Amino acid sequence: MTPKHCFLGFLLSFFLTGVVEAQPAHVCLKPQRVHFQSRNFHNILHWQPGRACAGNSSVYFVQYKMYGQTQWRKKEDCWGIQQFFCDLTNETSEVQEAYYGRVRTASAEIHSGWTMTQRFVPWWETKIDPPVMNVTRVHGSLLVILGAPNTPYRNQKGKNVSMENYYELVYRVFVINNSLEKEQKVYEGAHRVVKIEALTPHTGYCVVAEIYQPLLDRSSQKSEERCVEMP
């Protein structure tokens, strides 16, 4: 349904029944469910089109601001776009600050009002990915090397900044004995190199790991399995 049809439906409903069942175009164009999704401080604003009138001709406009600021700032790369998302990672890089985003729609020269997010604090709300993990067989043991995912930010030397720079992280390592189909936690702590010993020869093992953030009481998803056959 286009904005024109939405408005005509509004008039037709009024004349036939005397009851307003449809909404004016500028109301039903208004974006819905405007919210941030954040992973490893990649902060993306998402939204859904208006309830009835967002057709292929609709375009979207995005603004943002830090909590306490009075002026909204235009996101140039997300001004008059047709996508339902906008990357605000660089604009929300002070991860312990609070931010707001807002979106409006335009279609057939009709503009909606703005729809604003709830307050967004990247440090509290970002989700962390599973650890980067490498498993090597060393004689009768397995050597597990772990690493935290990187953020989108770089230090003064141009190197990627790890999530370890922002949180206390605990690594949890699990080993699966394929013959028994049994998973067992073999390590929990801050070390990034873990040695798994006392393994049965001629047996296949798979290793998975996750990251736990004690302060937030939050865990990542588990990593993909890394499987090794013991000699």
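**Exercise 1.** How many bridges join β9 to strand β10, and in which sense do the two strands run?

Solution. The model is a predicted one. Step one is the count: seven bridges join β9 to β10, which covers residues 141-147. Step two is the direction, and the two strands run antiparallel. Step three picks out one pair: M133 has L146 as its bridge partner in β10.

**Exercise 2.** State the order of the strands in the open sheet that holds β9, and explain why one side of β9 and one side of β15 have no neighbour in the sheet.

Solution. The sheet has three strands in the order β9-β10-β15, with antiparallel pairing. β9 (132-138) and β15 (193-196) stand at the edges, and each has a single partner strand, so one side of each is left without a neighbour in the sheet. From one strand to the next, the twist averages 20°.

**Exercise 3.** Find the partner strands of β16, and give one bridge pair for β13, β17 and β18.

Solution. Take the partners in turn.

- β13 pairs with β16 in the antiparallel sense over eight bridges. The bridge partner of R172 in β16 is E210.
- β18 (residues 226-229) is joined to β16 by four bridges, and the two run antiparallel. C206 has C227 as its bridge partner in β18.
- β17 (residues 218-219) pairs with β16 over two bridges, again in the antiparallel sense. Y212 has S219 as its bridge partner in β17.

β16 and β17 also form a hairpin with four residues between the strands, where D217 takes a positive phi near 50°.

**Exercise 4.** Decide whether strand β16 is largely enclosed or open, and check each of its faces.

Solution. Start with a rule: in a regular strand the side chains alternate between the two faces of the sheet. Next, sort the residues of β16 by side. One side has G204, C206, V208, E210 and Y212, and all of these are buried. The other side has Y205, V207, A209, I211 and Q213, which are all buried too. Both faces of β16 are therefore covered, and with ten of its ten residues (204-213) buried, the strand is largely enclosed by the rest of the structure. For the whole protein, 42% of the 231 residues count as buried.

**Exercise 5.** Describe the surroundings of G101.

Solution. First, place the residue: G101 is in strand β6, residues 99-107. Second, look at its exposure: G101 is buried, with a relative accessible area of 0%. Third, list its contacts, leaving aside neighbours within four places in sequence: they are F36, Q63, Y64, W72, T115, M116 and T117. Fourth, take F36 from that list. F36 and G101 are 65 residues apart along the chain, and their C-alpha atoms are separated by 8.1 Å. In the protein as a whole, 59% of the contacts with a separation of 6 or more are between residues 24 or more positions apart.

**Exercise 6.** Give the volume of the largest pocket and describe its lining.

Solution. The volume is about 160 Å³. The lining has 13 residues, and V175, N177, K182, Q184 and Y205 lie nearest the centre of the pocket. By class, the lining divides into eight nonpolar, three polar and two charged residues. By strand, β13 (170-177) and β14 (182-189) each supply at least two residues.

**Exercise 7.** Count the helices and strands of the protein.

Solution. The secondary structure comes to three helices and 18 strands.

Definitions and conventions:
Residues are numbered from 1 along each chain as its sequence is written. This is a predicted model: local features need pLDDT of at least 70, side-chain atom pairs count only at pLDDT 80 or more; totals for chains, interfaces and linings use all residues. Side-chain values use heavy atoms; hydrogens and water are left out. Two strands pair if DSSP finds at least two bridges between them. Axes are lines fitted to C-alpha atoms, for helices over the stretch in contact, and angles run from 0 to 180 degrees between N-to-C directions. On a 1 Å grid over the protein atoms alone, a cavity is a set of points where a 1.4 Å probe fits but cannot get out, and a pocket is an open set with protein on both sides within 12 Å along at least five of seven lines; lining residues have an atom within 4 Å of a point. Grid points are joined across faces, edges and corners, and a volume is the space filled by probe spheres set on the points. Ala, Val, Leu, Ile, Met, Phe, Trp, Tyr, Cys and Pro count as nonpolar, Asp, Glu, Lys and Arg as charged, and the others, Gly among them, as polar. Buried means under 20% relative accessible area, exposed over 50%, partly exposed in between (1.4 Å probe, protein chains only). Contact means heavy atoms within 4.5 Å.
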